[in-house]
Amino acid sequence: MSLIGVVIGTFAQLCFAFFLFMLTAFAGGGYANGNSLKPLQLAILDLSLYLLPALCVISAGIVIVLYRQDAGAGSYFWYLLPVIGTVMYFVYTNNLTRK
């Protein structure tokens, strides 16, 4: 792992966290406003507002810790953690509107 790769990846993760916050805020608001959702569904949308950006920060933190422990280049795969969470969010929100 190189320091420049960790710095660029961490910066990209923090930018992605802001993007995901805005995405979940507007998408969740749109789903909550246009549909009659159950309280559990609303709670999941509310939780995802903070959980998806937190996954970005967590994955960046894991990569920084692994860099300090001289881990290999395979540690960069931790940057995919929020991408997996985002795919799960899209699958969940697309199933909200189906009856």
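**Exercise 1. Place Thr93 in the structure: which helix holds Thr93, and is Thr93 buried or exposed?**

Step 1. Thr93 lies in helix H3; helices here are DSSP runs (H or I, at least four residues), numbered from the N terminus. The model is predicted, so local features need pLDDT of at least 70, side-chain atom pairs count only at pLDDT 80 or more, and totals for chains, interfaces and linings use all residues. Residues are numbered from 1 along each chain as its sequence is written, and side-chain values use heavy atoms, without hydrogens and water.

Step 2. Thr93 has 2% relative accessibility, so Thr93 counts as buried (under 20% relative accessible area, with a 1.4 Å probe and protein chains only).

Step 3. Setting aside neighbours within four places in sequence, Thr93 is in contact with Tyr31 and Leu45 (contact: heavy atoms within 4.5 Å).

**Exercise 2. Describe how H1 and H3 are arranged: at what angle do their axes cross?**

Step 1. The axes of H1 (residues 3–34) and H3 (residues 81–96) come within 12 Å and cross at roughly 10°. Axes are lines fitted to C-alpha atoms over the stretch in contact, with angles from 0 to 180 degrees between N-to-C directions.

Step 2. That angle makes H1 roughly parallel to H3 (under 35 degrees).

Step 3. Now look at the residues that meet: they include Tyr31 and Phe16 in H1, and Thr93 and Phe90 in H3.

**Exercise 3. Look along H1: which helices do its buried residues pack against?**

Step 1. Among the buried residues of H1 are Val6, Gln13, Leu20 and Tyr31.

Step 2. The buried residues of H1 pack against helix H2 (39–68) and H3.

Conventions:
Helices (H or I, at least four residues) and strands (E, at least two) are DSSP runs, numbered from the N terminus. Angles under 35 degrees count as roughly parallel, over 145 as roughly antiparallel, 65 to 115 as roughly perpendicular and the rest as oblique. Buried means under 20% relative accessible area, exposed over 50%, partly exposed in between (1.4 Å probe, protein chains only).
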